[in-house]
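Let's take a walk through this fold together, starting from what counts as inside and ending at the cavities. Keep the viewer open as you read.

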Amino acid sequence: MATEGEELIANNLKQFLLVLSVSLSVATLPQVFSWFRQIPYTLLLVIVGLCLAFVDVRLVDLSPGLILAIFLPPLLFEAAWNLKWADLKSDLVPICLFAVLGVVISIAGVALGLNQFAGVPIATALLIGASLSATDPVSVVALFRELGVGKRLRTLMEGESLFNDGMAVVAFSVLVGIPLGQTDLAPPQVLGELLAVVGIGLGVGGLVGFGISYLTQRFDLPLVEQSLTLVSAYGTYLVTEDLGGSGVIGVVTTGLILGNFGSRIGMNPRTRLIVTEFWDFLAFFVNSIVFLLIGDQIRFAILGDNLQTIAVTIAAMIAARAVSTYGLGFISNRLVGSEIGIPDQTVLWWGGLRGSVSIALALSVPKVLGEREEIIATVFGVVLFTLLVQGLTTKPLLQNLGLMGGRAYEQDYQKAIARRAALGRVVEYLEKGDRKLEVDPEYYRYQTALVKGELEKIESQLEKLQITHPELKEFTAEKLRDELMAIEADTYAEFVRAGRLNKELAPYLSDALMGNV
C-alpha cells in the first residue's frame, strides 16, 4: 500500500513538472520570436493547451476542487493586495452595481436566451448563466498594464471581477439545488442565504486581515510576514468555506485589508516590496498553470455536438453584458456622477472575459444531473470564445478607441525622469573627491562630460514632452501627491511600530492635497 502511495506521489510530481516545463517554455516564446509579443501571455498559454488537446495530450485531470481550493485563493489575494482602497472607494458605486446587478442581468439574459432560442430547460439554462456570470479579465488587465491603459479603467475591471466572483459562486450554489429539488426560490430564503454567505465571508476576512495586520507590528521578519500572507490567503478561503460562507469574498476582504492597511502599519517599505514581488511571482506562476490547463482540457468532439447551444449562449452573454455595462454605467453616471465614458464602457463590455472560475463551477455540477455534459461543454466553448476572440481583439479595440496611444507619452516621460535621476547620481559619484589613484583624472573628466551630455539630451527631451503634452503637469502633480502620501503613511507606521502611537493616524494629506487640486 505504501508503494502504491509513493508511486502516486511520484506520478503527480512528474505531471506537475511537465505542466510547469511547458508553461515556462511558452513564457520564453515572446523572447525568441517577436511575433508572439502581439499575443498576451495568458492567451498564448491557452492556444498551446488547445494544440496539446487537439493531439489528445492531456497533461493532468482538471479538478474543480483543485482550481477553487488551490489556484483561486492566490489569484484573488494578489489582485486585492494590489488594489488601492483610495481608487476602489472613488468608484465603489459603479463597481458594486456591475458586480451585483450585473451578475443578476447576466444570469437572466443567458438563461432567457437559452430557453427561448435553444430550447434548454430553464433550470439548466440558469446553471449555465450562473457559471458564466463571473468575469475573469486576468489576460486583459495584464494587457492594460503592458499598454499603459489608465489606472481607473484597470480598477473598474479588477474591482468588478473581484466582487462578482463571490456573487457568481453564491448564485451558483443557490441555483444548483433547483434541478435536485433542494432549493426554494422564495425571496426571503434566497436573500437570507445570500446575506449569510456574504456576511460570513466579510467577517472571517476582516478578522484574519486585521489580526495579521496587528500581529506583524510586533516584529520585522520579512520572510515570516511573507509566509503569513500566504497562510492567510489559503486559511481564509478554507475556514470561510467550512463555515458556510463565500471563500472568495473572504480572501478578497483579507487581501484588501492587508494590502491597504496591514502593509502600512505592520511592514516597513522593504518588507512591503518583498511581499509584493512574492505575490507578483505567485500570480504569474498560478496563471501559467491555469490557462495552460484550460486549453488542454477542451474536448473537441463534445464541443462539436453542442455548437448551436454554445453559439446561442455567446450571443445571449454578449447582449446581457452590453445591457449591464451600458445600462448600469448610465445609472451610475446619473446617480453619483461617475463619469464613465462610452469608450471605457465599451472596453468593460468587450473585455469581460470568462475563465477559471466559470470552468470550475461547471465542473462542480453534480453527476446525477443528466444535463451535466451539456453544461460543461457549453461553458468550455464560451470560455474559449471569450479568451481567444475577445481577448485577442481587445488591443485593436483599445487602439481604435484611443485609450492606449494617449498614454504612451506618460511612459516616455517616466522613463526620461528615471534616466535623469540615475545619470544624476552617476555625475555626483564622478565629481566626488574620493577617486581611485590608479585611474587617470583625465578619464574621470571625460566620463563626467559624457554623462552630462546625455543629461542635456534628456532635459531637452523632457522639455519637448512638456510643450507637446501640457497635461503632463497634472500627471506629474498626481505622482508627487502619491509620493507625499506614501511618505506620510510610512512615517505613521514607524511611530506605531516604535510604540509612540497606539494606532495609525488618519491620513491628513489625502484631503489636504486633493483640496488644492
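A residue is called buried here when its relative accessible area is under 20%, exposed when over 50%, and partly exposed in between, using a 1.4 Å probe on protein chains only. The model is a predicted one, so local features need pLDDT of at least 70 and side-chain atom pairs count only at pLDDT 80 or more, while totals for chains, interfaces and linings use all residues. Residues are numbered from 1 along each chain as its sequence is written, and side-chain values use heavy atoms, with hydrogens and water left out.

With that in hand, the overall picture first. The protein chain has 21 helices and zero strands; both are DSSP runs numbered from the N terminus, helices being H or I over at least four residues and strands E over at least two. Of its 517 residues, 48% count as buried. Take the contacts (heavy atoms within 4.5 Å) with a separation of 6 or more: 80% of them are between residues 24 or more positions apart.

A small example of that kind of packing is alanine 123, which sits in helix H6, residues 122-131. Alanine 123 is buried, at 19% relative accessible area. Leaving aside residues up to four places away in sequence, it touches Ile178 and Pro179. The C-alpha atom of alanine 123 is also 8.2 Å from that of valine 176, although the two are 53 residues apart along the chain.

Now for the charges. Side chains of opposite charge can pair when their charged atoms come close. The structure holds five salt bridges, each being a side-chain nitrogen of Lys or Arg within 4 Å of a carboxyl oxygen of Asp or Glu. One of them joins arginine 321 to glutamate 160, with 2.6 Å from N to O. Arginine 321 lies in helix H14 and glutamate 160 in helix H8, so this pair ties together parts that are 161 residues apart in sequence. Are these two partners buried or exposed? Arginine 321 is buried, with a relative accessible area of 7%, and glutamate 160 is buried too, at 4%.

Another salt bridge pairs arginine 420 with glutamate 459, whose closest N and O atoms are 3.5 Å apart. This one links distant parts of the chain, 39 residues apart: arginine 420 in helix H18 (residues 408-431) and glutamate 459 in helix H19 (residues 441-468). Arginine 420 is partly exposed at 31%, and glutamate 459 counts as partly exposed at 37%. A further salt bridge is between glutamate 373 and arginine 372, at 3.9 Å from N to O. Here glutamate 373 is partly exposed at 44% relative accessibility, whereas arginine 372 is buried at 14%.

Stay with H19 for a moment. The expected span of a helix is 1.5 Å times one less than its number of residues, so the 28 residues of H19 should span 40 Å, and the end C-alpha atoms, 41 Å apart, agree with that. An α-helix has 3.6 residues a turn, so residues three or four places apart point the same way. Keep that in mind while you pick out the buried residues of H19: Tyr444, Gln447, Thr448, Val451, Leu455, Ile458, Leu462 and Leu465.

Finally, the empty space. On a 1 Å grid over the protein atoms alone, a cavity is a set of points where a 1.4 Å probe fits but cannot get out, and lining residues have an atom within 4 Å of a point. Grid points are joined across faces, edges and corners, and a volume is the space filled by probe spheres set on the points. How many cavities of 30 Å³ or more does a search of the whole structure find? It finds two.

The largest cavity holds about 60 Å³. Its lining includes Phe98, Ser133, Asn164 and Arg354, along with glutamate 160 and arginine 321, the salt-bridged pair from before. Helices H5 (92-117), H8 (151-175) and H14 (307-336) each supply at least two lining residues, with the largest share, four, coming from H5.

The second largest cavity has about 40 Å³ of space. Among the residues lining it are Met317, Trp349, Trp350 and Gln390, and Arg321 and Arg354 turn up here as well. H14 gives the most to this lining, with three residues, and both H14 and helix H15 (342-350) supply at least two.

Note on methods. 1 Å grid on protein atoms, 1.4 Å probe; cavity = no way out; pocket = protein on both sides within 12 Å on 5 of 7 lines; lining within 4 Å.
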